[in-house]
Structure formats: structure tokens, C-alpha cells
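Please read the following report on side-chain contacts alongside the sequence and the model. It deals with charged pairs, cysteines and aromatic rings in turn.

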Amino acid sequence: MRDKSLEFVKKRIESGVCNGMEKDKYNHLYEVDFLKISEQIKFSNTVKVSENLLEVELPFKDNKGTTISVTRNTEAEFDYMTVERCRCDGTFVFFIDLCKKILEKILKGETCYSPKIPKDAKEKLYKYNIRFEVGNFIFAEEYGEDFTTKEKPWMKSRFTVMLPIKCDFAEKQLA
């Protein structure tokens, strides 16, 4: 089993289509197991959690819903990545918070791969289920005076968490 997560993120950053991330100077860039992190995150009761799957249903009118599922597949052909970052004091817990923000974004349907969104999804999302295959989280650290503020000169760290994602829309059979 070949994990493509770190390789995908590095290539994506080098490509120059990551909002200037190619200029960032990461002290460390390393991979962290998606399942180990997701086990540490408390989800609402609406999220079903099993061994390799997170699933939630977004409700719509007339009891029609869209199921969003997140499965770990480190061998997927990823479409894109989603990123969260923060300035901090270097405490590890900030990485977990960033991972939680990424997962919440996915489970709320706030991130998708634009070229794969069906033309009618904006008006009729209930017709589709959304499947995400994710790799492992990639943690990146930067350190320096660039990240301090006048009010908080001790805040010299910036943490970035990236998650490679493959996104697919599956049309449901509506009764």
C-alpha cells in the first residue's frame, strides 16, 4: 500500500496553484495518520463514525437528504486539498483544532472539487450523495518573527494542516 498524501501535497504546493504556499518556508512537513486524528475529535450525534468511515446526512425539505461520506484511502487519485492554518505559540493541540475544522468543512459540504460538481447540484443537491476519499493529514510548521504581532510577540509559530481529497458526486435513485 503506497501512501500518496505527502507526495500529492508537495507536488500541489510546487505547482504554484496554492494561494502562494510555494513561498512558505516550512521547517517541518510531515504526514499524520487520518484515523488516529479523527479518533481524537468529538463529532456531533449526527455524524456516524465507524472504523474507516465518517458519514452525515444533510437534511432538505420533504425529508430528502444528501449523505456525505468520508473514507480514508491513501492510494486515491486526489483531486485537490483543503487547508487550514493558524498563528500560535507552538502548542500541538492547535494541529488537532485545524484537523477538526477541515473535517467539519467536509461534513457540512463546504468544500468540493468544482470540476466535478453536477450542473444542477446548486438547486437540487438532494439528488446526490457526496463521497470523499481522503489521505492522511499533512502537518507543516513555520517559525519566525514574521508571525508575531505587537500584542503577542511570543507567537512565533504558524501551523498549517492540509488534507488531500478525492471528491465524487453519486446521483441517487429518487422514489
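The sections below describe selected side-chain contacts in this predicted model.

## Salt bridges

Across the whole structure, a search finds 13 salt bridges, and three of these pairs are described here with their places in the fold.

Within helix α3, which spans residues 93-107, Lys100 and Glu104 stand four residues apart, or about one turn of the helix, and their side chains meet in a salt bridge with an N to O distance of 4.0 Å. Both partners are partly exposed, Lys100 having a relative accessible area of 30% and Glu104 one of 32%.

A second pair, Glu133 and Lys166, has its closest N and O atoms 3.9 Å apart. This salt bridge links distant parts of the chain, since Glu133 belongs to strand β6 (residues 128-134) and Lys166 to strand β8 (residues 157-171), with their positions 33 residues apart in the numbering. Glu133 is partly exposed, at a relative accessible area of 22%, and Lys166 is likewise partly exposed, at 22%.

In the third pair, Glu145 forms a salt bridge with Lys156, and the closest N and O atoms are 2.8 Å apart. Glu145 and Lys156 both lie in the loop between β7 (137-143) and β8, so their contact ties together parts that are 11 residues apart in sequence. Here the two partners fall into separate accessibility classes: Glu145 is exposed, with a relative accessible area of 52%, whereas Lys156, at 22%, counts as partly exposed.

## A network of charged residues

Glu133 and Lys166, already described as a pair, also belong to a network of salt bridges that links them with Asp79, Lys116 and Asp168.

## Cysteines

How many disulfides does the count come to? The count comes to zero, and two cysteines illustrate this result. Cys86 is in no disulfide, the nearest cysteine sulfur being that of Cys88 at 4.4 Å; because a disulfide requires two cysteine sulfur atoms within 2.5 Å, this separation does not qualify. With a relative accessibility of 17%, Cys86 counts as buried.

Cys112 is also in no disulfide, and its nearest cysteine sulfur, which belongs to Cys167, lies 4.4 Å away. Cys112 counts as partly exposed, at 22% relative accessibility.

## Aromatic pairs and a cluster

The count of aromatic pairs comes to nine. One of them joins Phe34 and Phe137 in a stacked arrangement, with 5.4 Å from centre to centre and 25 degrees between the planes. Because planes under 30 degrees apart count as stacked, the angle of 25 degrees places the pair in that class.

Phe34 is part of helix α2 (residues 34-40) and Phe137 is part of strand β7, so this pair ties together parts that are 103 residues apart in sequence. Are these two rings' residues buried or exposed? Both Phe34 and Phe137 are buried.

A further group of aromatic residues, made up of Tyr30, Phe92, Phe95, Phe139 and Phe159, forms one aromatic cluster.

## Contacts between elements

Several of the contacts described above can be placed by the elements that carry them. The salt bridge between Lys100 and Glu104 stays inside helix α3, while the pair of Glu133 and Lys166 connects strand β6 with strand β8. The aromatic pair of Phe34 and Phe137 joins helix α2 to strand β7, and the salt bridge of Glu145 with Lys156 is found in the loop between β7 and β8.

Definitions and conventions: Residues are numbered from 1 along each chain as its sequence is written. This is a predicted model: local features need pLDDT of at least 70, side-chain atom pairs count only at pLDDT 80 or more; totals for chains, interfaces and linings use all residues. Side-chain values use heavy atoms; hydrogens and water are left out. Helices (H or I, at least four residues) and strands (E, at least two) are DSSP runs, numbered from the N terminus. Buried means under 20% relative accessible area, exposed over 50%, partly exposed in between (1.4 Å probe, protein chains only). Rings of Phe, Tyr and Trp (its six-membered ring) pair if their centres lie within 6.5 Å; planes under 30 degrees apart count as stacked, over 60 as edge-to-face and the rest as tilted.
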